Amino acid sequence: MRPQSEWDNRFLNMAELVASWSVCKRSHCAAVIVKNNNTISTGYNGAPAYQPNCEDIGSCFRNENNVKSGTSPELCRAAGCHGEANAIALAAKHGHATKDATMYIYGNMDICTQCRGQIANAGIIRVVYRTKTGVVLEQDVREWTVHPVDRKA
């Protein structure tokens, strides 16, 4: 891990701002993809395009049914549309290459298995996180060699 640069702090602050745009009633998380100190994409957690989100409906199915965080992702309107996935999809939609990019994440340091796969397959090589409590962590995606189901408890 290397010390945070001024640019890292700027992009983490940007991720925090983008998280405030989230339409999720439970969690505000976001990702910013950067290449050569240029922002190429942003994404926050929310329902897929053309589908109503929790803010539109006025409630969260998971909250109303006491679904534990980290379980049953198919019961979330944002399933498959986490900030990380949305940032990657928006980069693709607008023709921005993500190979060798950095992703800055705010709000959650526990990336779901699906988003981890998309990050790795998009060629993003560095992930920098900041949680709501200010904890910062950096990872080299190329070191994600063990699938979460293979980790020892």
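1. Helices here are DSSP runs of H or I with at least four residues, numbered from the N terminus. In this predicted model, one such run is α4, and G95, just after α4, takes a positive phi of about 75°.

2. Helix α4 itself spans residues 83–93 and lies across β1, β2 and β3. Its direction runs at about 130° to β2.

3. The buried residues of α4 are G83, E84, A85, A87, I88 and A91. The cover over these buried residues includes β1, β2 and β3, together with α5 (113–121). In an α-helix, residues three or four places apart point the same way, because there are 3.6 residues a turn.

4. The sheet on which these contacts draw is open and has five strands, in the order β2-β1-β3-β4-β5. The pairing within this sheet is mixed. Strands β2 (38–44) and β5 (136–140) are the edge strands, each pairing on one side only. On average, neighbouring strands of the sheet are turned by 15° against each other, direction ignored.

5. Strand β1 (residues 30–35) and β2 run antiparallel and are joined by six bridges. One residue pair can be named here: K35 has N38, in β2, as its bridge partner.

6. A further helix, α1 (residues 6–19), also packs on the sheet. Helix α1 touches β1, β2, β3 (102–106), β4 (126–130) and β5. The direction of α1 makes about 50° with that of β3.

Conventions
Residues are numbered from 1 along each chain as its sequence is written. This is a predicted model: local features need pLDDT of at least 70, side-chain atom pairs count only at pLDDT 80 or more; totals for chains, interfaces and linings use all residues. Side-chain values use heavy atoms; hydrogens and water are left out. Two strands pair if DSSP finds at least two bridges between them. Helices (H or I, at least four residues) and strands (E, at least two) are DSSP runs, numbered from the N terminus. Axes are lines fitted to C-alpha atoms, for helices over the stretch in contact, and angles run from 0 to 180 degrees between N-to-C directions. Contact means heavy atoms within 4.5 Å. Buried means under 20% relative accessible area, exposed over 50%, partly exposed in between (1.4 Å probe, protein chains only).
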